[in-house]
Amino acid sequence: MPSTPSDPRECAARLPLGPGVYRFRDATGGVLYLGRSVSLRRRVASYWGDLGDRGHLAAMVARIACVEAVPCDSAHEAAWLERNLLERRKPPWNRSPSGGQESEVWIRLSAPSVMVVHRRRTGDRARHFGPYLGGQKARDAVSGLGRILPLRYAVDRRSGSERELARARGASPGVRADLARAMTAVLDRDPAAVAALRAELVRRRDLAAGRLAFEFAGRLQGELEGLDWITAEQKVTQAEPSDFDVAGWADGVLVCFAIRGGRLCGWSQRACGAAAARRHLAETPGPGPRAPAWADFARRSAELAARLRS
């Protein structure tokens with residue numbers, strides 16, 4: 001294993017402020033703990049401050065000899081990566097093997113119905129988007145989608161009150177296909193579609209706050225956060241199963257990731273010269289349209305690993 005700073009607290013200042021997954025190793029190289037954070041630098045530094053209700057971790061902190069981390073493109077991606085790694089192997093100081101209590105869910109779209117479900121059923125012709133971690137976040141996102149794109153009101157048979165609601169929301173059977181396409185674009189993370197829907201939610205939230213309707217504004221804020229969660233970059237858990245390896249190299253450190261069944265579930269790093277790294281790098285990027293994103297992900301992880309071990 002490459003040499004590390006004598007004081008692992010120095011590593012915290014070298015970590016990015018963004019989201020990611022981190023792990024602590026002891027002097028023998030054994031993994032003590034693995035966690036995630038929306039801010040790697042602040043979270044890791046907190047272990048050498050006032051632990052508060054985490055006082056039981058003091059004995060672990062005294063054994064930390066090495067800090068490793070993987071920067072992620074979103075908090076959602078970090079949540080999935082932590083879940084996948086902990087399902088494969090649970091370090092001794094991790095209490096939960098699942099990486100949190102979030103449920104794995106999907107968003108099922110079969111116009112005019114859109115709902116959160118816990119699994120894809122075999123033979124179901126509906127379009128499924130996901131998987132996502134966090135049932136409540138997904139439900140909030142679906143609520144926000146339906147608020148701006150009233151697909152569920154674009155039905156053929158409606159009662160009198162339903163017709164009035166549909167008319168007020170601009171929904172009718174004639175626009176059902178358009179609404180379904182617009183919703184699909186958001187769930188497919190089309191940048192323009194996501195930005196437009198998000199801007200309208202922000203406008204309505206700010207309008208509600210300006211009218212002192214703070215409870216309604218809070219509900220809209222929750223929908224915004226749910227939308228951001230499900231549309232954020234997230235590649236470490238994919239709907240379609242695939243197996244491949246990804247590697248990144250920087251300044252004498254090789255970082256390797258194993259993707260099995262569509263999930264990044266293996267992470268290793270070690271000292272490695274440029275010549276020896278070439279074979280691993282030749283296998284990167286992985287297959288498919290997400291190849292550039294995987295190559296960038298591995299490269300950034302290797303650069304951070306080298307910085308932490310310098």
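Buried, on this tour, describes a residue with under 20% relative accessible area, while exposed means over 50% and partly exposed lies in between (1.4 Å probe, protein chains only). Keep that in mind as you click around.

**Before you start**

What you have open is a predicted model, in which local features need pLDDT of at least 70, side-chain atom pairs count only at pLDDT 80 or more, and totals for chains, interfaces and linings use all residues. Residues are numbered from 1 along each chain as its sequence is written, and side-chain values use heavy atoms, with hydrogens and water left out.

**Stop 1: the whole protein**

Show everything as a cartoon. The protein has 11 helices and 9 strands; these are DSSP runs, numbered from the N terminus, with helices (H or I) of at least four residues and strands (E) of at least two. Of the 310 residues in the protein, 46% are buried. Take the contacts (heavy atoms within 4.5 Å) between residues at least 6 apart in sequence: 63% of them join residues at least 24 apart.

**Stop 2: helix H5**

Select residues 135-148, which make up helix H5. Which residues of H5 are buried? They are Gly135, Ala138, Ala141, Val142, Gly144, Leu145, Arg147 and Ile148. An α-helix has 3.6 residues a turn, so residues three or four places apart point the same way. Now check the length of H5: at 1.5 Å a residue, its 14 residues should span 20 Å, and the end C-alpha atoms are indeed 20 Å apart. The expected span is 1.5 Å times one less than the number of residues.

**Stop 3: the sheet S5-S4-S6**

Next, colour residues 104-110 (S4), along with 113-117 (S5) and 127-133 (S6). These 3 strands form an open, antiparallel sheet in the order S5-S4-S6. S5 and S6 are the edge strands, each pairing on one side only. Ignoring direction, neighbouring strands here are turned by 20° against each other on average; axes are lines fitted to C-alpha atoms, for helices over the stretch in contact, and angles run from 0 to 180 degrees between N-to-C directions. Two strands count as paired if DSSP finds at least two bridges between them, and S4 and S5 share 5. Zoom in on Arg108, which stands opposite Met115 in S5. Then add residues 75-88: this is helix H4, which packs on the sheet, touches S4 and S6, and makes about 75° with the direction of S6.

**Stop 4: the sheet S7-S8-S9**

Move on to residues 244-250 (S7), 253-260 (S8) and 263-271 (S9). Here too, 3 strands form an open antiparallel sheet, in the order S7-S8-S9. S7 and S9 stand at the edges with a single partner strand each, so one side of each has no neighbour in the sheet. The twist averages 15° from one strand to the next.

Follow the strands in turn:

- S7 and S8 pair over 7 bridges, with Gly248 partnered by Val255 in S8.
- The hairpin of S7 and S8 has 2 residues between the strands, and Asp251 in the turn has a positive phi of about 50°.
- S8 and S9 pair over 8 bridges; Ala258 stands opposite Gly266, and Ile259 has Leu264 as its bridge partner.
- The hairpin of S8 and S9 also has 2 residues between the strands, and Gly261 takes a positive phi near 65°.

Is S8 mostly covered or uncovered? It is mostly covered, with 7 of its 8 residues buried. H4 appears again at this stop, lying across S8 and S9 and running at about 80° to S9. H11 packs on the sheet as well, touching S7, S8 and S9, at about 45° to the direction of S7.

**Stop 5: the rings**

Finally, show the side chains of Phe, Tyr and Trp. Their rings (for Trp, the six-membered one) pair if the centres lie within 6.5 Å; planes under 30 degrees apart count as stacked, over 60 as edge-to-face and the rest as tilted. By this rule there are 10 aromatic pairs. One of them is Tyr22 with Phe24, a tilted pair at 5.4 Å centre to centre and 50° between the planes. Tyr22 is buried, at 0% relative accessible area, and Phe24 is buried at 0% too. Also tilted is the pair of Phe257 and Phe297, with ring centres 5.2 Å apart and planes at 55°. This pair links distant parts of the chain: Phe257 is in S8 and Phe297 is in H11 (residues 291-308), 40 residues apart.

For a last look, select Tyr22, Phe24, Tyr33, Tyr47 and Trp48, which ring pairs link into a cluster. The charged end of Arg54 sits over the ring of Tyr47, 4.7 Å from its centre; this needs NZ of Lys or CZ of Arg within 6 Å of the ring centre and within 35 degrees of the ring normal. Arg23 lies over the face of Trp267, at 3.6 Å from the ring centre.
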